[in-house]
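Q: I would like to learn how to read the surroundings of a ligand and the state of the cysteines in a model. Could you take me through them one step at a time?

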Amino acid sequence: MEGLALRLFKKSPVKEVAFTQKIKQLFNSPPNKNNWDGLIHAYKPWLPVTKKTPIITLKEGGTPLIEVKSISDRIGKGVRVYVKYDGLNPTGSFKDRGMTMAISKAKEDGCEAVICASTGNTSASAAAYASKGGMRAFVIIPDGYVAQGKLAQALVYGAEVLAIKGNFDKALDIVRELSNKYPITLVNSVNPYRLQGQKTAAFEIIENLGNAPDWLCIPMGNAGNISAYWMGFQEFFKAKKSKQLPRMMGFQASGSAPLVEGKSISNPETIATAIRIGNPVNKEKALIARESSKGNFSSVTDTEIINAYKILGREEGIFCEPASAASVAGLLKKKEDVPKNSTIVCVLTGNGLKDPDCAIENNDSVFHKSVDPEISSITKVMGF
Ligand code: AN7
């Protein structure tokens with residue numbers, strides 16, 4: 001690069017230095033919010049892409065890591081707690097990290113249609129990236145158990161939505177069979193490119209903290225995300241970008257906790273519909289992550305989930321969906337085990353706006369209805 005600069009600016013040594021510096025800056029500086037072109041662009045050397053891969057992106061990734069004192073204070077012991085707010089991705093969940101990879105690779109292979117089973121977020125993300133990539137998307141969802149925002153997204157992004165009288169596990173069986181029989185690419189987390197994209201969240205956390213955290217608290221459904229994070233943490237550790245590996249602390253809803261109970265659940269139930277999954281496909285990978293990180297899997301009740309959900313909203317200004325709050329609920333439940341002065345990251349996988357029904361029903365705010373449109377009535381209600 002310096003040679004090129006020299007030839008271009010032979011007659012102007014001053015310009016030459018400035019130019020060389022600029023080029024060096026561009027190549028050495030990590031992407032920031034001003035030159036963020038999505039996670040494939042940011043982490044290309046770590047991802048299975050080539051010059052031929054058409055990059056289908058909505059500029060996902062690069063999400064904030066936010067310190068949450070209200071949670072640290074509830075734990076004490078000099079602990080610092082952060083949330084990785086992945087609900088700020090383009091379609092409002094971490095699924096976009098995996099979907100940019102899965103859809104780009106599907107496009108590279110000449111695929112024209114994709115399919116997924118979903119509790120909601122995967123369908124929203126698949127629909128958006130398929131539309132960006134000029135492909136058809138079919139999504140199969142459990143009828144009546146997908147939050148309104150997610151359903152709205154799949155429809156607006158132009159997917160063909162099929163609601164079945166059955167749960168997510170049944171829907172996944174169906175799409176696996178269909179993708180084997182027909183020329184249609186499966187974009188659930190059994191697609192290995194999904195986890196490749198999702199591992200970049202671990203890279204970002206290490207870059208933000210300058211190291212891996214002591215604990216990573218994360219909700220588990222199909223257990224793809226915990227497996228992806230573990231892959232990302234290991235890759236950066238091996239490359240000496242972090243001094244340690246975190247303990248992987250996975251949390252499930254107590255009515256839907258196959259990985260905690262060690263057996264499939266045929267009728268999973270929880271308010272956190274995103275993780276209403278009874279037979280996780282990435283079970284083996286998740287168990288390896290737990291084992292090799294000396295981690296732990298536990299369950300949290302719907303009441304504990306909603307408690308964490310409310311704290312984040314009221315005390316931090318952070319609105320996540322109930323499934324995401326399971327990571328914070330789990331940390332609060334395990335607070336006795338948290339080591340002194342440790343650094344903990346809880347993953348907030350999805351945006352609260354996804355599930356407005358849950359929000360309206362579960363808050364401690366005062367909502368005055370049918371107030372007369374008169375200053376005197378308003379001030380009376382306000383207590384002035
Ligand atoms: C907000 O969208 O499975 O353990 O079909 O939407 O990787 O499955 C969603 C899962 C956590 C669990 N938080 O992640 C789907 C789907 C939110 C989620 C999970 C999901 P995995």
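Q: Which cavity does the space taken by the ligand form?
A: Keep in mind that this is a predicted model; in it, the space taken by the ligand is the largest cavity. Among helices and strands, those that give two or more residues to the shell around the ligand are α6 (121–132), α11 (224–238) and α15 (322–333).

Q: How many residues surround the ligand, and which are the closest?
A: A residue is counted here if one of its heavy atoms lies within 4 Å of the molecule. The ligand is surrounded by 24 residues, of which Asn121, Thr122, Asn222, Ala223 and Thr349 are the closest.

Q: Where do polar atoms of Ala223, Thr119 and Lys95 lie relative to the ligand?
A: For a polar contact, one looks for N or O atoms within 3.5 Å of each other. A polar backbone atom of Ala223 is 2.7 Å from an oxygen atom of the ligand, a polar backbone atom of Thr119 is 2.8 Å from a ligand oxygen, and for Lys95 a polar side-chain atom lies 3.5 Å from one. Of the 470 Å² of accessible area that the ligand has on its own, the protein covers 99%.

Q: How many disulfides does a search of the whole structure find?
A: The search finds 0 disulfides. Cys116 is in none, and the nearest cysteine sulfur, that of Cys111, is 12 Å away.

Q: Why does Cys320 form no bond with Cys358?
A: A disulfide needs two cysteine sulfur atoms within 2.5 Å. The closest cysteine sulfur to that of Cys320 belongs to Cys358, and because they are 9.4 Å apart, this is too far for a bond.

Q: Is Cys320 buried or exposed?
A: With a relative accessible area of 1%, Cys320 is buried, and Cys116 also counts as buried, at 0% relative accessibility.

How values were computed. Residues are numbered from 1 along each chain as its sequence is written. This is a predicted model: local features need pLDDT of at least 70, side-chain atom pairs count only at pLDDT 80 or more; totals for chains, interfaces and linings use all residues. Side-chain values use heavy atoms; hydrogens and water are left out. Buried means under 20% relative accessible area, exposed over 50%, partly exposed in between (1.4 Å probe, protein chains only). A polar contact is a pair of N or O atoms within 3.5 Å; within protein, one must be able to donate a hydrogen and the other to accept it, and residues adjacent in sequence count only if both atoms are side-chain atoms. Accessible areas come from the Shrake-Rupley method with a 1.4 Å probe; for residues, only the protein chains shown count as cover. On a 1 Å grid over the protein atoms alone, a cavity is a set of points where a 1.4 Å probe fits but cannot get out, and a pocket is an open set with protein on both sides within 12 Å along at least five of seven lines; lining residues have an atom within 4 Å of a point. A molecule sits in a cavity or pocket if more than half of its atoms lie within 2 Å of its grid points. Helices (H or I, at least four residues) and strands (E, at least two) are DSSP runs, numbered from the N terminus.
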